[in-house]
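Visitor: I am new here and would like a friendly tour. Could you show me the structure before I start asking?

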Amino acid sequence: MTGRAQGCTVLHVDMDAFFASVEVRRRPELAGTPVIVGGAGNRGVVTSATYEARRYGVHAAMPTGRALRLCPTATVLPGDMALYTEVSRSVMALFRSITPLVEPLSLDEAFLDVSGAGRRLGDAAEIGEYVRARVFDEQGITCSVGVAPTKFVAKLASTAAKPDGMRVVRPAEVMDFLHPLPVGALWGVGPKTEEQLLRLGMRTVGDLAHVPAKTLQRALGPAQGAHLHELAWGRDPRRVVPDEPERSTGAEETFGTDVDDPAVIHRELLHLSERTAGRLRSTGHLARTVTIKVRFADFATITRSRTLEVPTDVGQELYDTARALYDALGLDRARIRLVGVRAERLVEAGSAPRQLELGAREHGRRDAELAADRAARRFGAGAVRPATLLRRGGRPGGSSPTGGVRNSRPRPVVDHSEG
């Protein structure tokens, strides 16, 4: 890679005040005010706080009572783990659409190895900015990104960038960035180790770096002494290790403007069902369950699922189920920001029985979709598609090719699909 992030291949992406930010997204009237997410009462504990509350000294794991003494005007909310998990799932799906090398650390942070995405999306700094814009456009929350040659430095860089920023640390800049930091910034330095290092006169990472490794090993033990010495010189050989994503696949679309026309939603559900079915066939899987996701203009999100009698990889069958689930919501022209279709509880196509129908045609819908797959491989995606989708350049509802992300700045085109 060249340019601003030359030599950098690792991103650390961390949502800013994640639980609290999602709550403020749901209650916009709280924007700019101190908000605490956590338990109330004498035994309540803070799990997240907005930066407005943090300015008063409020932080996670603090008793809620003490937090309210520090910041009496704060709004305390109980939290909604199901909602946070859903937002996290969408964010991680975005990351995996950029690179398969995604290592989640928790609901709100992950490492990404973007060494293989440069030709498509630009250098690591451009990808970092792209991630930040996509997270904000699609989820209505902010994140901070560290860009560096190693995981350790990338994580420190994202912390330095908070909130809502990005810090790039190129290989030649690692020492200048790392050595002024307090020794407590090093991974593996807890309160007791930090106290011991301070007693030995090591206050910064630079102080520790210039102590011989053997001296550190005598003071801290062979393993920890060697580990901290390596980190103090920016050496971290660990790779980004992706987890295994759940056995499901799907696609979702963020509209360029909020949509309230059921016909547009139906066309988008058909388009997403076709894409999802194509993915199933390409990997040799069938879906037992179909799930739809609907996100409204205020970012409220709901999902609905239905288990099929017979597993399928046919787009029309996925669409029939997805449309029925959507119509059953009875939304009455509600303004919708995003819709998604997901195929879940996947099974191997060769191991699942197929339902035979009396009087069925010799060649049915699945044969037609398999023929469309062959045409797509030969002539390109979209060579054959349902007639309903042949409008506005083939994009249902007129949404943009990048998934309708609302930002005027040009961006690389990425398949906006989960899975």
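Visitor: Which residue in E6 is the bridge partner of Val13?

Guide: A word first: this is a predicted model, where local features need pLDDT of at least 70, side-chain atom pairs count only at pLDDT 80 or more, and totals for chains, interfaces and linings use all residues. Residues are numbered from 1 along each chain as its sequence is written, and side-chain values use heavy atoms, with hydrogens and water left out. E1 and E6 are strands (helices, H or I with at least four residues, and strands, E with at least two, are DSSP runs numbered from the N terminus), and they pair in the antiparallel sense over five bridges (strands pair if DSSP finds at least two bridges between them). In E6, the partner of Val13 is Ala110.

Visitor: And in E7, which residue is the bridge partner of His12?

Guide: E1 also pairs with strand E7 (residues 143–148), in the antiparallel sense and over six bridges. Within E7, His12 has as its bridge partner Gly146.

Visitor: How many residues of strand E1 are buried?

Guide: Buried means under 20% relative accessible area, exposed means over 50%, and partly exposed is in between, using a 1.4 Å probe and protein chains only. On one side of E1, Val10, His12 and Asp14 are buried, and on the other side so are Leu11, Val13 and Met15. Strand E1 (residues 10–15) is thus mostly covered, and the buried count is six of six.

Visitor: Which element gives the most residues to the largest nonpolar core?

Guide: A nonpolar core is a set of buried Ala, Val, Leu, Ile, Met, Phe, Trp, Tyr and Cys residues joined through side-chain atoms within 4.5 Å. The largest one has 37 residues, and those with the most contacts inside it are Leu11, Val13, Met15, Phe95 and Val147. Elements that give two or more residues to this core include E1, helix H1 (18–26), helix H4 (81–98) and helix H6 (124–139). With eight residues, the element that gives the most is H4.

Visitor: What does Val147 touch?

Guide: Contact here means heavy atoms within 4.5 Å. Leaving out residues up to four places away in sequence, Val147 touches Ala5, Cys8, Val10, Leu11, Ala124, Ala125, Ala157, Met166, Arg167, Val168 and Val169.

Visitor: How many salt bridges does the count come to?

Guide: Side chains of opposite charge can pair when their charged atoms come close. The rule used is a side-chain nitrogen of Lys or Arg within 4 Å of a carboxyl oxygen of Asp or Glu. By this rule, the count of salt bridges is 22.

Visitor: Is Glu109, which meets Lys155 in a salt bridge, buried or exposed?

Guide: The side chains of Lys155 and Glu109 meet at 3.1 Å, N to O. This pair links distant parts of the chain, with Lys155 in helix H7 (residues 151–161) and Glu109 in strand E6 (residues 109–113), 46 residues apart. Lys155 has 21% relative accessibility and so counts as partly exposed. Glu109, at 14%, counts as buried.

Visitor: Where do Glu195 and Arg199 lie?

Guide: These two side chains form a salt bridge at 3.5 Å, N to O. Glu195 is partly exposed because its relative accessibility is 49%, while Arg199 is exposed because its relative accessible area is 61%. They are four residues apart, about one turn of the helix, and both lie in helix H9 (residues 191–199).

Visitor: How many residues apart in sequence are the parts that Asp258 and Arg335 tie together?

Guide: Asp258 forms a salt bridge with Arg335, with the closest N and O atoms 3.0 Å apart. Asp258 lies in strand E9 (residues 248–259) and Arg335 in the loop between helix H14 (315–327) and strand E12 (336–348), so the separation in sequence of the parts they tie together is 77 residues.

Visitor: What angle do the planes of Phe152 and Trp187 make?

Guide: Rings of Phe, Tyr and Trp (its six-membered ring) pair if their centres lie within 6.5 Å; planes under 30 degrees apart are stacked, over 60 edge-to-face, and the rest tilted. The structure holds five aromatic pairs. In the pair of Phe152 and Trp187, the centres are 5.4 Å apart, and the pair is edge-to-face because the planes are at 65°.
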